[in-house]
Amino acid sequence: MVEIFFRSDRAAAAGQQWLQKWVRPDDQGNVAEAGIQLQLADLSDADWTAFGQQVLSLAVQQEKRQGRFQDYTKWLKRNGPFDIMIDGANVALWGENYEGGAFRPEKVKVMYETVAKENPDAKILLVLHAGRFGDIKQNHKETFTWLEELRSQGRFHIAPAGSNDDWYWMYAAVMAREKGMLVSNDLLRDHVWNLLRPKHMLKWTQRHIIRFHFNFEKTEAYLKYPSPYTPCVQYNEDKGVWMVPCADRDGQWLCVRKV
């Protein structure tokens, strides 16, 4: 449809002809054919403020015990802000949906160490629910000792019973604004996330989530960082170039420029 539009009389109404070509930007968003770089679209300051307020309001509403989440916000002010949040439950359970699969906290340690190695200047926060932490305390002594050390450093927080731990890492990530990243393979399709404003969630998920996988032995973690540019229609005014992404062409973009 876009190609058809730029060939139409309407597009040429101003006496301008357009040259179209399918191109593939490099990993940093550079488009050699047009001499431009694709840009990153993130939330505005006003959006960050509104997003943070909404997450806080919903998290407080859904707490079963009043005051618990407010206690966490105070803890976060004392110990944060953090650069990278790790969804501990998602990491421990990811890829375990098979016979014999289980909650594996040793994967959380592997993940934390990988994130720290690849981001040596980042302040990392690990979040787990109290129920998960109780299981670790009873059945995984080595991991428990490691978590206690992290907790003493203000790098590990336990979401209390009756709380949804997702709100804890989400709030920390949003409060970190443009610097905040989340390590998780959660697709955030739960009904809870539908309560948040779509325009905020779409930009946030595109820009601020690090995906991952493990090797077969689950002793090594591999991180996939978000793209340094945003897959949306972009216009470069200096060059007079339109860039249009296409989901059906495996990373190719339609580059449209004035003749």
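N79 is buried, at a relative accessible area of 19% (buried means under 20%, exposed over 50% and partly exposed in between, with a 1.4 Å probe and protein chains only). This residue is found in helix α3; helices here are DSSP runs of H or I with at least four residues, strands are runs of E with at least two, and both are numbered from the N terminus. Before going on, the ground rules: this is a predicted model, where local features need pLDDT of at least 70, side-chain atom pairs count only at pLDDT 80 or more, and totals for chains, interfaces and linings use all residues. Residues are numbered from 1 along each chain as its sequence is written, and side-chain values use heavy atoms, with hydrogens and water left out.

Back to N79. Setting aside neighbours within four places in sequence, N79 is in contact with K123 and G154, where contact means heavy atoms within 4.5 Å. G100 sits 21 residues from N79 along the chain, and their C-alpha atoms are separated by 38 Å.

Now for the cores. A nonpolar core is a set of buried Ala, Val, Leu, Ile, Met, Phe, Trp, Tyr and Cys residues joined through side-chain atoms within 4.5 Å. The largest one has 30 residues, and the members touching the most others are F51, Y72, L125, W167, M170, L196 and W204. Two or more residues each come from α2 (45-62), α3 (68-79), β5 (124-129), α8 (165-175) and α9 (198-208). Helix α8 gives the largest share, eight residues. Take Y72 as a sample: apart from neighbours within four places in sequence, Y72 is in contact with L125, H157, Y168, Y171 and A172. There's also a second, separate core of 29 residues, with A122, F133, L150 and F156 among them.

What about helix packing? Two packed helices are described by the angle between their axes and the distance between the axes. Helices α5 (residues 106-118) and α7 (residues 141-152) pack at about 45°, their axes 10 Å apart. Axes are lines fitted to C-alpha atoms, for helices over the stretch in contact, and angles run from 0 to 180 degrees between N-to-C directions. That makes α5 and α7 oblique to each other, given that angles under 35 degrees count as roughly parallel, over 145 as roughly antiparallel, 65 to 115 as roughly perpendicular and the rest as oblique. The crossing of α5 and α7 is left-handed, meaning the near helix is turned anticlockwise from the far one by less than a right angle. On the α5 side, E106, V108, K109 and Y112 meet T143, W146 and L150 of α7. Sorted by class, the contact of α5 with α7 has four nonpolar, one polar and two charged residues.

A few backbone oddities are worth a look. G80 and P81 are joined by a cis peptide bond, with omega about -5°; P81 lies in the loop between α3 and β4 (84-87). Two residues other than glycine have positive phi values:

| Residue | Phi | Loop | Relative accessibility |
|---|---|---|---|
| K218 | near 65° | between β8 (209-214) and β9 (221-224) | 19%, buried |
| D250 | near 50° | between β11 (241-245) and β12 (253-258) | 62%, exposed |

Last stop, T205. This residue lies in helix α9 and is partly exposed, with a relative accessible area of 25%. T205 and P105 are 100 residues apart along the chain, and their C-alpha atoms are separated by 25 Å.

Note on methods: Nonpolar A, V, L, I, M, F, W, Y, C, P; charged D, E, K, R; others polar.
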